[in-house]
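Hi,

Here is the structure I promised to pass on. Have a look at it first, and then read my notes below.

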Amino acid sequence: MVVNHNIPALISYNAVSRTNNALQKSIQKLSTGLRINSAADDAAGLAISEKMRAQIRGLDRAVANSQDGISMIQTAEGALNETHSILQRMRELSVQAANDTLTQQDRGYIQLEIDQLREEITRIGNTTQFNKKKLLNGDAAVLWSSDNLKTKAIINGGLRQIDQFGQKNAIEGNYNIKIKAEAGQSEVKKSDIFKIKHKDVLMNVSTNKANGVDSVKTDNLPAGTYNIDAFTAVPAGNKAVLTGQYGFDPKPVGKQVLVGTATIVNGGNAGTIGDSKYYAGKTLTFRMGSSEATITLDAGTTDTQADLATAIQGKLTGLGGLWADVTVTQTGGKFTLTKPDTVGVLEEQKIQATNTDAQSIFGTGSSEWTAHASNTLKLDQQLGVTVNAPSKNANVLLEVTDVNTAAKSITMKVTANAIDAKGVTSTKTQEVTLTEGTDISVLGDLLGDDKVKLTLKANMTDTFKKGNKLVYNIASGVDADISVKVKGTANSKWEQSWGKITDDEVTYGLKADDVKNKELHFKNFYLNSKNGKVYEGDIVLSTNNNKMEGTAAGKPLASFEVGFVGQVARSDVKLRDLDKFWDAQGRFMLKDAQTLTLTQGDGKQAKVTLYANDTLGDVARKLNEAIGTGLGQSAYVDNAGNFAVFVNKDGGEGSESVAGTFVIRSVIPGATGKLSFAGDEDLVKALSLNVIQNSKESDYSVDITDAHTGKVVVSGAKTTGNKLIGTLHSNIDVEFDAMAGIIAKWDYAKKQYVYDSSNDYRTVLHLADNTTVFQIGANEGEDMGINIGDMRAHALGLNEVLVTDRESAARSITVIDNALDRVSTQRAKLGAYQNRLEHTINNLTVAGENMTAAESRIRDTDMAKEMMNFTKLNIMLQAGNAMLAQANQLPQNVLSLIR
């Protein structure tokens, strides 16, 4: 028995300590619920547990990711639901617009709504976001750029691809696109023929501002062309020039009668027979009526026809009588016999070659000359008009109002419009009675005393009839230093036409310095010689400060054409003077300005505003600007003035062959360049445009290479139109310039655009994959990509939706159907993605549950078992403590030995 070491106590203590440690671990397990609270508890188990915990947490996050993905998809799909609704409304409107119960104006209102709906689709595509990520503009799939604004990538999905080994990669980078074109054909439209509605409409007006004339206007002029020229010569002022007459008596009084013409049989020189001339010694017998003439040609007669004519003339003159005054001439083998008829009794007669010699020269079949009475005595040959240095220029109308055969007199109404050298006008009317053989002065107070005298010639009273008319021009040289002459020719297509409007030029003497900055009125009478209708017309020249000057040959001051109602219009006619711009009720459709909207096949628009005072030429200019600048087509041609042409003359080449029409061209081949017009129904109908050359798409051959390595990606791809559909990548459509590789030039001879497609066109496209990828697993590579394409209007092809006319509206139905199909396809994909993610969530949940159970078995405490162990340890601890207490009492036993 020892007291230094209490071995039993040590044994008890160690046992209690071990029990206490085990009890502490048991308490820790029971309090934490974990079997492994530190690596010391189970090193291998801890490693396995932590790996499982990573998987479990990854699976839980993947479930959350999938749920977030569903939220994103639902956001995109919800937006597309509204896009679908908009497209359905657009289709409904297109079907409505395709019905011809609507007017152009109605369709214009429908187009306004369609335009707004199209913009809203684009706005939805641009603004639909999830956590700041744009979903429907293509950025959720691909980021792209190009070197040309006209080169566009239309995104249908991402570039990410998964091969048969599950490897994921993206076809992205920079691509050189080389395009070889075969030019198609652009559309050409033609308008209705524009005709004049009002009289006194001027066309083809030309004024010489440098020579003093700013503008010209007219009133009540006959339809036709007019020229006004200035001459240096001053009018003599001593004659009245007849410029028109109507009606005359056919009574023959002293005239030259053309007897006839025949062609000689032996033309040229007849040659000689022996030593004698061919005509020498010939005896020729001619008969005229009952009179016969026989002549023998002298031996000296030569071979020429002129000498033969002279010989016959001499012989006939020598016969006297009826043959004495017959003259014989020849020109180019034709013999003409002329006989003066002084008694007025010569009727139709014949001169006939009756004997063998005469017939051998003139022939039996062409040896007759027929006499024609030519009763061409005119009124001015029966009425004498004399002028003596008048003080003013005047245009005078004489009208026979009464004829008195018993008194041998006629009564005439005399009307004169006068203008002096300074441009001051005045008018005079008086009635006078003329007696045969007696002079009478008229217009003395207008033109000066005794300036104009009228004389009715003897035995001429019964020649005049009531209603006969004469027009004279009187030119004055008083104070004048130039003469201005007006000459006109009636339009042969005018129903009142009679050829020349003036038989001679109407002349005015003017003082050049005194007619500056004035309105000069040249009031003239124009007389239709066919029906006696008189036009009292007025030509008004507005002069400027430049001096009128003339030349010996005449210097032009102005020229113009006066149109008639129904005449085909020229380019300088105003819209207010055209029949097409007035309705049956007399309403002028441009009383208020009207706007036309031009829409190009690619959706670009330009507007043209028309006013009442616009000319057809102005309209052509505005259309050219709208198509060239507004629609951007001038970038493709050097000559941008031929998009819209007004045709002034018939007979041009090709499309410009009909006068009075607009020819409206696009330079861009195919559907992209097609032009449509929208506006007021009546205005569009006034244009009445129809297609005379249909558009045809260009064909293209496309090569694509990697811009950095030169590796060929696509070779010789063929496309009709300017879109590569899925060629570079199944999710990428490439749209390029519709004029790629095509140079347009104007062919002046053919009057059309011709194309040179010999040059290659190059453009560069940059693509960067930005596919939306969801991490749907706990480990690397456990993901899914979704394709969300560009759902904006242009990508859906809605820029082509146009309902301003029936044909375009019908075409728009198909275009919208295609857009509906694309949106439906995209929504179907999104729905499929959502359903997949829901299954993914279910799968991940189950996997997480099982993994958690497995990890729990490794790391969690079996509470019942541990309670058993805890109870055991508690008992052991109590027992150990009791034994330790007993062991601690053992050294006390040594004290008992001391007792």
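A word on naming before anything else: helices (H or I, at least four residues) and strands (E, at least two) are DSSP runs, numbered from the N terminus. This is a predicted model, so local features need pLDDT of at least 70 and side-chain atom pairs count only at pLDDT 80 or more, while totals for chains, interfaces and linings use all residues. Residues are numbered from 1 along each chain as its sequence is written, and side-chain values use heavy atoms, with hydrogens and water left out.

Let me start with a few loops. Thr709 sits in the loop between strand 40 (699-706) and strand 41 (712-720). With a relative accessible area of 60%, Thr709 is exposed (buried is under 20%, exposed over 50%, partly exposed in between, using a 1.4 Å probe and protein chains only). Its C-alpha atom is 9.8 Å from that of Tyr175, although the two residues are 534 residues apart along the chain.

Two asparagines also caught my eye. Asn131, in the loop between strand 1 (129-130) and strand 2 (133-134), has a phi near 50°, a positive value in a residue other than glycine. Asn131 counts as exposed, at 69% relative accessibility. Asn220 lies in the loop between strand 10 (213-219) and strand 11 (224-231), and its phi is positive too, about 60°. Asn220 is partly exposed, at 22% relative accessibility.

Now the inside. The largest nonpolar core (buried Ala, Val, Leu, Ile, Met, Phe, Trp, Tyr and Cys residues joined through side-chain atoms within 4.5 Å) has 68 residues. Phe581 and Leu767 have the most contacts inside this core. Helix 7 (residues 616-630) gives the largest share, six residues. Leaving out residues up to four places away in sequence, Leu767 touches (heavy atoms within 4.5 Å) several residues, including Trp144, Tyr175 and Ile732. Another core, of 45 residues, lies apart from that one, with Met72 and Tyr833 among them.

Finally, the helix pair. Helix 2 (residues 43-97) and helix 9 (residues 806-859) pack at about 165°, with their axes 7 Å apart (axes are lines fitted to C-alpha atoms over the stretch in contact, and angles run from 0 to 180 degrees between N-to-C directions). That angle makes helix 2 roughly antiparallel to helix 9 (the term covers angles over 145 degrees). By class, their contact has 30 nonpolar, 20 polar and ten charged residues (Ala, Val, Leu, Ile, Met, Phe, Trp, Tyr, Cys and Pro are nonpolar, Asp, Glu, Lys and Arg charged, and the others, Gly among them, polar).

Cheers

How values were computed:
Angles under 35 degrees count as roughly parallel, over 145 as roughly antiparallel, 65 to 115 as roughly perpendicular and the rest as oblique.
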